[in-house]
Amino acid sequence: MHEWLAVIGITVLAVISPGPDFAMIARTSYLFGPRAGVIGALGIGAGVQVHVCYTVLGVALLVLRSPWLFALLKLLGAAYLVFMGLQALVSSWRAAAPQPQPQTDEATPQAPAGQTLSAAAAWRMGFFTNALNPKTMLFVVAVYTQVVHADTPLARSLGYGLFMSLAHIVWFSVVARFFSAPAMRRALLARQRWVDGVIGALLLLLGGSLLFVARGQPG
């Protein structure tokens, strides 16, 4: 019971902490609506399972004991964040001054013309944002090495992992619903240039910090 409570508490705190997942879901939701945001949340949940699987299998310990391999993982994650940040900045630069959009239903604002996102693309974005995030890796490894006992049954260990994924899906689905609410979405779309610029800058900052840490990783 104490083990479960510790896993629940640490997971909830880690999930609600702002980071790349939050930025990605917020932008996806206000641009493309709740469906894209929730599908992105499902992708994040799947990404968590990548970290859970290799941690339970013990691969994470090998990564942590091989500085160059851990640095490579950080570089990949940082590169993906920088890529997403640049995409957001390009979208900000291309966005024209706010213009009223024709809408048949005022309660359902539409994404700017020419901006679409398929369900598969939304899922992939969520998946890779989380799967390539070293911070999620460290969180999962910390839980399984510091909280979960070595003699914990495999089924229960996997159950902890499923809970981590479920917690991510639930939280980021809530985030998606919040940022895609009609009033919130209209306000953000009207200021798309600035919102995309801020999100892009934050993602570049996160990616840049990871690149700095990875370059300083001892070989």
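Here is a walk through this predicted model, from its confidence to its core and then to one helix.

Residues are numbered from 1 along each chain as its sequence is written. Local features need pLDDT of at least 70, side-chain atom pairs count only at pLDDT 80 or more, totals for chains, interfaces and linings use all residues, and side-chain values use heavy atoms, leaving out hydrogens and water.

Let's start with pLDDT, the predictor's confidence in each residue, from 0 to 100. Its mean over the chain is 80, with 80% of residues at 70 or more. Over residues 96–102 pLDDT stays under 50, and the model has 6 contacts beyond four places in sequence for them (contact means heavy atoms within 4.5 Å).

Now for the inside. The largest nonpolar core (buried Ala, Val, Leu, Ile, Met, Phe, Trp, Tyr and Cys residues joined through side-chain atoms within 4.5 Å; buried is under 20% relative accessible area, exposed over 50%, partly exposed in between, with a 1.4 Å probe and protein chains only) has 22 residues, and I25, Y30, F172 and I199 touch the most other members. Helix 2 gives the largest share, 6 residues. Helices here are DSSP runs of H or I, at least four residues, numbered from the N terminus.

So what about helix 2 itself? It is largely enclosed by the rest of the structure, because 11 of its 13 residues are buried. I25 and Y30 are among those buried residues. Leaving aside residues up to four places away in sequence, Y30 touches F179, R185, L188, L189, Q192, V195, D196 and I199. After helix 2 comes G33, with a positive phi near 100 degrees.

Conventions
Helix = DSSP H or I, 4+ residues; strand = E, 2+ residues; numbered from the N terminus.
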